[in-house]
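Subject: Handover of a structure and notes on it

Dear colleague,

Please find the structure below, together with its sequence. My notes follow, arranged by topic so that you can read them beside the structure.

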Amino acid sequence: MPAIDWPSVHAEALDIFGRYLRIDTSNPPGRERAAARFLGSVLEAEGIRCEYIETQPEREILVARLDGDGSKRPLMLCNHTDVVPVESQYWTVPAFGGEVRDGRVYGRGAVDMKGMGVMQLMAVLLARRLALPLTRDLVFCAVPDEEALGRWGMRWLCEHRPDVVDVEYELNEGGSGSDEFEGQSKRVFAIATNEKQVCWLRLTAVGTPGHGSFPHPSDSNSAVRLARAVQRLAEWQRPLIFTPETTAYVERLADAGLLPTLRERAALDSAIHRSRPLLAMFMNTLNVTMLQSGIKANVIPGRSEAVVDCRLLPGQSRDDWLAEVIERVGDPNVSVEFHEDLDPDEPVPVAWDTEFYRVIEAVIHDAIEDAVVVPGMTVGGTDNRFLRQRGIPAYGFAPCIVSSEERAGFHGNDEYLTVDNLNLGCELTFEIVRRMCS
Ligand SMILES: [Zn+2]
């Protein structure tokens, strides 16, 4: 393989990144067609074939492909082209300017996730220019609508074009490197291998309506019964749950001296309980988010409702969880059921310790000597869930070292990615592709 002139690749990536950030793809409404066409024009200029798939007016999915020799199944690099809206009054730089200041590239989408889109784009361009002999197809996929549940993006693609997502592995957002772990200075890289599943529940208490001026047994006041049920859920002490990947997570961080070991279980448990981000990885969470009761000051409500936002660990069944919640509520006059907006399909946890995971891990270790690499879990949702539902090991990983200040840009103000991170991400993404595909 000829040597790569990295300084010129970095300059090219920076130029593309700036132009990409200037395309306003705020979702709603999205209008990601311009972004798909922009990325596609860069690829087509080098003879890479692109397909544009319209899912709604002005919204397109871009799929570009480099053919392999077919000895292995495809690898997909995937990113989303939409961004969350901007409250421009809180920004000190133009949100769609793509300005570079003090080694930082500013703009909505810089970290979420146009920067990673450019890293993936550069990896495909380099594979083409270097004429890498590919053992598998390399698929570049840029989708709209990730920020609004993926209905016109990845979910649409999986439902309507299963041929495109017929891949062995996929790489998307969801994890990254960090320069600290729980306040301890260390470079820790989390490769997201699974994510929690949303399990919203609705509680409905029924009682006997009546006049507010007259003594009323509290047992037959639906608001009182609902309040008791909610209180029981709030006080519920749930155990920590270890999955195969969070066990590996603890082992690796313990080896690096960043967490107590599994044998020091009491110390480990209290370290987890002290940190909300950690606790979210080891526990099914439950938060009461909506309460509704009563129509008038002098009417005892016959019906009261609550919505509870539960997030379950990978591998936990929704039905089992529902049964546990019903038992905890313990009141036949309070029914508990799944919320009507719940995803119809339950996600399937996928294997984490695969060829692809090990390649990513090795690339990080070779580039960054003291790196700690752990399998991570995304607590929120990403497009990876649609691929995992199809049994595809879809990993979330931006190969950058994102500081906590940079991380605050996710859906925040003055979002930026450092030029150093853009450069590192381009180099590592290409190396991951090179090792996986050639
Ligand atoms: Zn994102």
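Please keep in mind that this is a predicted model.

I begin with Asp112, one of the residues that coordinate the zinc ion. Asp112 has a relative accessible area of 4%, so it counts as buried, the limit for that word being under 20%. The zinc ion is also coordinated by His80, through its NE2 atom, and by Glu173, which contributes two OE entries to the list of donors. The donors lie at 1.9 to 2.5 Å from the ion. Like Asp112, His80 is buried, because its relative accessibility is 1%.

What is the geometry of the site of the zinc ion? The site is irregular, with angles of 56 to 152° among its 4 donor atoms. A tetrahedral site would need all angles between 85 and 135 degrees. Along the sequence, the donor residues follow the spacing H-x31-D-x60-E. His80 belongs to strand E3 (residues 75–80) and Asp112 to helix H3 (residues 110–129), so this pair ties together parts that are 32 residues apart in sequence.

The next residue to look at is Arg136. It is found in the loop between H3 and strand E6 (138–143). Is Arg136 buried or exposed? With a relative accessibility of 0%, Arg136 counts as buried. Two polar contacts of its side chain can be described. A polar atom of the Arg136 side chain lies 2.7 Å from the backbone oxygen of Arg73, and a contact of 2.8 Å joins the side chains of Arg136 and Glu168. Leaving out residues up to four places away in sequence, Arg136 touches several others, including Leu66, Asp69, Pro74, Tyr169, Glu355 and Met436.

I turn now to the aromatic residues. How many aromatic pairs does a search of the whole structure find? The search finds 11. One of these is formed by Phe189 and Phe397, whose ring centres are 6.3 Å apart and whose planes meet at 55°, so the pair is tilted. Phe189 lies in strand E8 (residues 184–195) and Phe397 in strand E16 (residues 394–402), so the two rings tie together parts that are 208 residues apart in sequence. Both of these residues are buried.

Trp352 and Tyr357 form an edge-to-face pair, with 5.2 Å from centre to centre and 85° between the planes. Trp352 is buried, at a relative accessible area of 14%, and Tyr357 is buried as well, at 0%. These two residues belong to one aromatic cluster, together with Tyr169, Phe356 and Tyr395. Tyr169 also appears among the residues that Arg136 touches.

Two arginines sit over aromatic rings. Arg37 lies over the face of Tyr52, at 3.9 Å from the ring centre, while Arg104 lies over the face of Tyr416, at 4.1 Å from the ring centre.

Finally, please look at Ala371, in the loop between helix H10 (355–367) and strand E15 (372–378). Ala371 counts as buried because its relative accessibility is 8%. Which residues is Ala371 in contact with, leaving aside its neighbours within four places in sequence? They are Arg187, Phe189, Ile364 and His365; Phe189 is also a member of the tilted pair described above. The C-alpha atoms of Ala371 and His160 are separated by 40 Å, and the two residues are 211 residues apart along the chain.

With kind regards

Definitions and conventions. Residues numbered from 1 in each chain as written. Predicted model: local features only at pLDDT ≥ 70, side-chain atom pairs only at ≥ 80, totals over all residues. Heavy atoms only, no water. Donors = N, O, S within 2.8 Å, 3.2 Å for Na, K, Ca; no water. Tetrahedral: all angles 85-135°; square planar, octahedral: opposite > 155°, others 65-115°. Helix = DSSP H or I, 4+ residues; strand = E, 2+ residues; numbered from the N terminus. Buried < 20%, exposed > 50% of the residue type's maximum accessible area, 1.4 Å probe, protein only. Polar contact = N/O pair within 3.5 Å; in protein donor to acceptor, adjacent residues only side chain to side chain. Contact = heavy atoms within 4.5 Å. Phe/Tyr/Trp six-rings, centres within 6.5 Å; stacked < 30°, edge-to-face > 60°. Lys NZ or Arg CZ within 6 Å of the ring centre and 35° of its normal.
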